[in-house]
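This briefing is meant to be read with the sequence and the structure side by side. Please look at the display below before turning to the points that follow it.

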Amino acid sequence: MQEYVVNRPDKGTMERILAAHPGGAAGAILRLAWQAGLLREEIQRLTWEQVDFVDQRIVLPDRGVPISDELAQWLWALRDSRDRRLEHVVLSDRDQKPLTPQSISRLARTALDREGQTSVRLIDLRHDFVLRQLETHDWQYVSRITGVEAAGL
């Protein structure tokens, strides 16, 4: 059985990638995965109704994920730049329609590869979020916001 390895991204490189993708789908995908620990399917399904700007959190069916001031401000600006009738947070840059899971992975892979993060996968961004949360919070809190069972942490 092969051991599972988390390929943690370089923080400075991630910040450069996010700066290079200020408003498009790739930027939204990477921010939601790295800064909020969302899974690909959660990113795909995320709607504006689930983004609680008052309490600064993303409300998912199984948990609430707190978001930083930086991510909240970015999401607010993204929402303001859009047609308010569009429900989904992550949309295709070309036709403003929800992306397929494969498109989400492809956009993330392309953006990460461009900056030399070739071994980092979309799921690694979530795992890095979990590990960073464990550095500053207890495992019960991290379990609650990530949906990962405490035994899995």
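**A small set of strands and a helix pair**

Strand 2 is joined to strand 3 by a hairpin that runs through two residues. The model is a predicted one, and the points below take up the sheet to which these strands belong and then the packing of helix 6 against helix 7.

**Layout of the sheet**

- The sheet is open and is formed by three strands in the order 1-2-3, with antiparallel pairing.
- Strand 1 (51-52) and strand 3 (63-66) stand at the edges with a single partner strand each, so one side of each has no neighbour in the sheet.
- As general background, strands of a sheet pair through backbone hydrogen bonds, in either a parallel or an antiparallel manner.

**Strand 1 with strand 2**

- Two bridges hold the antiparallel pairing between strand 1 and strand 2, and within this pairing Val-51 has Ile-58 of strand 2 as its bridge partner.
- Strand 1 and strand 2 also form a hairpin, with four residues between them, and in its turn Gln-56 has a positive phi of about 50°.

**Strand 2 with strand 3**

- Strand 2, which covers residues 57-60, pairs with strand 3 in the antiparallel sense over four bridges.
- Arg-57 has Pro-66 of strand 3 as its bridge partner, while Ile-58 stands opposite Val-65 in strand 3.

**The two faces of strand 2**

- In a regular strand, the side chains alternate between the two faces of the sheet.
- The covered face of strand 2 carries Ile-58 and Leu-60, whereas Arg-57 and Val-59 lie on the uncovered face.
- Ile-58, on the covered face, is thus a residue that has a partner in strand 1, Val-51, and that stands opposite Val-65 in strand 3.

**Helix 6 with helix 7**

- Helix 6 (residues 122-136) packs with helix 7 (residues 139-146) at an angle of about 150°, and their axes are 9 Å apart.
- Angles over 145 degrees count as roughly antiparallel, and helix 6 and helix 7 are therefore roughly antiparallel to each other.
- The crossing of helix 6 and helix 7 is right-handed.
- Helix 6 contributes Arg-126, Phe-129, Val-130, Gln-133 and Leu-134 to the contact, and helix 7 contributes Trp-139, Tyr-141, Val-142, Ile-145 and Thr-146.
- By residue class, the contact of helix 6 with helix 7 consists of seven nonpolar residues, two polar residues and one charged residue.

Notes
Residues numbered from 1 in each chain as written. Predicted model: local features only at pLDDT ≥ 70, side-chain atom pairs only at ≥ 80, totals over all residues. Heavy atoms only, no water. Pairing = 2+ DSSP bridges. Buried < 20%, exposed > 50% of the residue type's maximum accessible area, 1.4 Å probe, protein only. Axes fitted to C-alpha atoms, helices over the stretch in contact; angles between N-to-C directions. Parallel < 35°, antiparallel > 145°, perpendicular 65-115°, else oblique. Left-handed = near helix turned anticlockwise from the far one by under 90°. Contact = heavy atoms within 4.5 Å. Nonpolar A, V, L, I, M, F, W, Y, C, P; charged D, E, K, R; others polar.
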